[in-house]
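Me: I'm new to reading protein structures. Could you walk me through how to look at one?

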Amino acid sequence: MPAPIRYVQDSRFFPESADVVVIGAGIAGAAAAYELARQGVSVVLVEKGLVGGEQSSRNWGWCRQQNRDERELPLIIHALRRWEELGKETGEELGFRRSGLVYATGNQEDINAWDNWGKMARAYGVRSDILTAEQAKAMTPGSTSRWLGGVSSPTDGHAEPRLAAAGLAIAAQRLGAEVFQQCAVRGLDISAGRISGVVTERGLIKTSRVICAGGAWTSMFCRRHGIDLPLGNVIGTAFRTAPIEQAIAVPLYTPSFACRPQLDGSYTVSVSGRGRLSPGVQGLRYARQFYPTFKARRKNLTIRLGLDAFINGPESPARWQFDRRSPFEKVRILDPAADMAMVQEGIAAMSREFPALENIRVEQAWGGMIDSTPDAIPVISPVAKLPGLIVSAGYSGHGFGIGPGAGRLAADLATDATPIVDPTPFRYARLVDGSGLAAPGMM
């Protein structure tokens with residue numbers, strides 16, 4: 001079942017050309033389109049389904065610095081500043097609240113890892129407070145566990161996935177951007193070795209710059225143009241509860257569940273760190289690159305083989321011509337099934353931890369496909385093999401919060417502006433030549 005999203009009205013007239021075309025209207029693509037329009041750049045945002053219809057509306061909604069890989073910290077610091085500015089700047093309710101985040105645990109290894117992370121993060125001006133057992137209990141009033149301790153990140157926050165990408169796309173339209181949904185990009189028009197346009201199901205848009213922010217579909221799209229992009233797809237499950245008198249005031253992570261209070265009194269909930277793999281040809285193609293990460297996180301992954309992964313969707317070996325229906329038109333919105341056993345596990349853990357929520361019930365559950373890189377760091381980068389192409393993908397399950405920063409960085413790269421942060425950690429080349437391809441850090 002799709003997660004709830006806000007409706008966006010398409011622009012009226014399909015354009016012949018643009019300075020930049022953005023493929024994919026998730027949070028990264030919508031933020032890039034907004035930042036480009038804000039700079040007066042002519043930009044078209046094209047989406048095969050609906051704005052925010054895939055993973056950008058299906059995530060936890062956390063906007064966090066806490067526990068991020070050090071390589072992402074400069075970008076998330078910028079992103080949090082933009083989250084705080086964007087509501088007033090756009091006039092749109094994106095749901096951002098700098099509420100703080102709380103983690104509580106009974107595991108000393110967790111506390112040690114958080115303490116070490118906090119020492120590193122202080123060099124970036126990030127606040128992360130280790131909690132004693134008493135403090136963890138005080139910050140989770142009504143919980144039943146005897147926590148060993150925890151961590152609080154008071155300058156972090158959360159936003160509303162159902163509102164954020166849509167709000168940015170609407171704000172971009174007001175600044176002159178054009179937005180088209182149900183309009184798949186079948187491929188790139190290439191002249192003299194560089195991009196000269198995008199071929200959509202509605203016709204050609206001439207352009208010399210393209211930001212490809214296609215989420216789980218990005219590797220398939222790039223492969224059609226001879227560009228190898230090692231992405232692995234993991235399916236996560238989340239659910240929304242019915243509104244209830246809230247016993248948990250801020251986003252909370254525990255070993256058995258993670259949740260976020262929503263504006264209407266409901267919660268978004270997931271089972272902490274869990275996911276499933278349904279590998280197809282793409283998964284097998286990049287199995288070697290992902291094996292170290294898989295081995296480290298195997299206990300949290302369920303593997304389910306199925307014929308559908310080999311036939312439909314981003315894991316398939318599809319081939320297509322630009323004048324015919326593409327895989328992106330066959331699956332307008334990627335909507336993997338929720339793992340209902342995981343949903344029941346999550347709701348039981350939540351009500352067991354907080355007896356005040358014993359009558360809480362599930363309103364809606366959904367799955368979402370998370371595009372990941374071998375080092376769990378996104379690609380936000382030009383591709384030297386095809387001048388004019390900027391890839392923005394591989395956010396590895398923590399892209400929503402970083403979205404406004406990622407959008408700005410992609411916009412800078414597309415316009416040859418001075419990048420808002422050093423783009424080196426996000427370079428495409430590391431995935432194909434192994435340069436600086438370090439092990440994943442904190443997630």
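Reply: Happy to: we will look at the nonpolar core and then at the salt bridges. Keep in mind that this is a predicted model.

Me: Where should I begin with a nonpolar core, and which residues of the largest one touch the most other members?

Reply: Begin with the general idea: in soluble globular proteins, nonpolar side chains tend to be buried together. Here the largest nonpolar core has 56 residues, and Val22, Leu36, Val51, Trp83, Leu168, Ile211 and Ile380 touch the most other members.

Me: Which helices and strands supply at least two residues of this core?

Reply: The strands are β1 (20–23) and β2 (43–46), and the helices are α1 (27–38), α2 (73–90), α3 (108–121), α5 (161–174) and α12 (403–414). Helix α1 gives the largest share, nine residues.

Me: Can we zoom in on one member? What is valine 22 in contact with, leaving aside neighbours within four places in sequence?

Reply: Valine 22 is in contact with Gly29, Ala33 and Leu36, with Val43, Val44, Leu45 and Val46, and also with Ile211. Apart from the largest core lies another one of 37 residues, including Val21, Ile23, Phe221 and Cys222.

Me: Now the charged side chains, please. How many salt bridges does a search of the whole structure find?

Reply: First, the general idea: side chains of opposite charge can pair when their charged atoms come close. The search of the whole structure finds 26 salt bridges. In one of them, the side chains of glutamate 89 and arginine 38 meet at 3.1 Å, N to O. Glutamate 89 sits in helix α2 and arginine 38 in helix α1, 51 residues apart, and the pair links these distant parts of the chain.

Me: Is arginine 38 buried, exposed or partly exposed, and why?

Reply: Arginine 38 counts as partly exposed because its relative accessibility is 42%, and partly exposed covers the range between under 20% (buried) and over 50% (exposed). Its partner glutamate 89 is partly exposed too, with a relative accessible area of 34%.

Me: What about a salt bridge that involves a loop?

Reply: Try glutamate 84 and arginine 98, whose side chains meet at 3.1 Å, N to O. Glutamate 84 lies in helix α2 and arginine 98 in the loop between α2 and β4 (101–105), so this pair ties together parts that are 14 residues apart in sequence.

Me: Which residues do salt bridges with shared partners join into one network?

Reply: Glu35, Arg38, Arg82, Glu85 and Glu89 are joined into one network by salt bridges that share partners.

Technical notes. Residues numbered from 1 in each chain as written. Predicted model: local features only at pLDDT ≥ 70, side-chain atom pairs only at ≥ 80, totals over all residues. Heavy atoms only, no water. Core = buried A, V, L, I, M, F, W, Y, C linked by side-chain atoms within 4.5 Å. Buried < 20%, exposed > 50% of the residue type's maximum accessible area, 1.4 Å probe, protein only. Helix = DSSP H or I, 4+ residues; strand = E, 2+ residues; numbered from the N terminus. Contact = heavy atoms within 4.5 Å. Salt bridge = Lys/Arg side-chain N within 4 Å of Asp/Glu carboxyl O.
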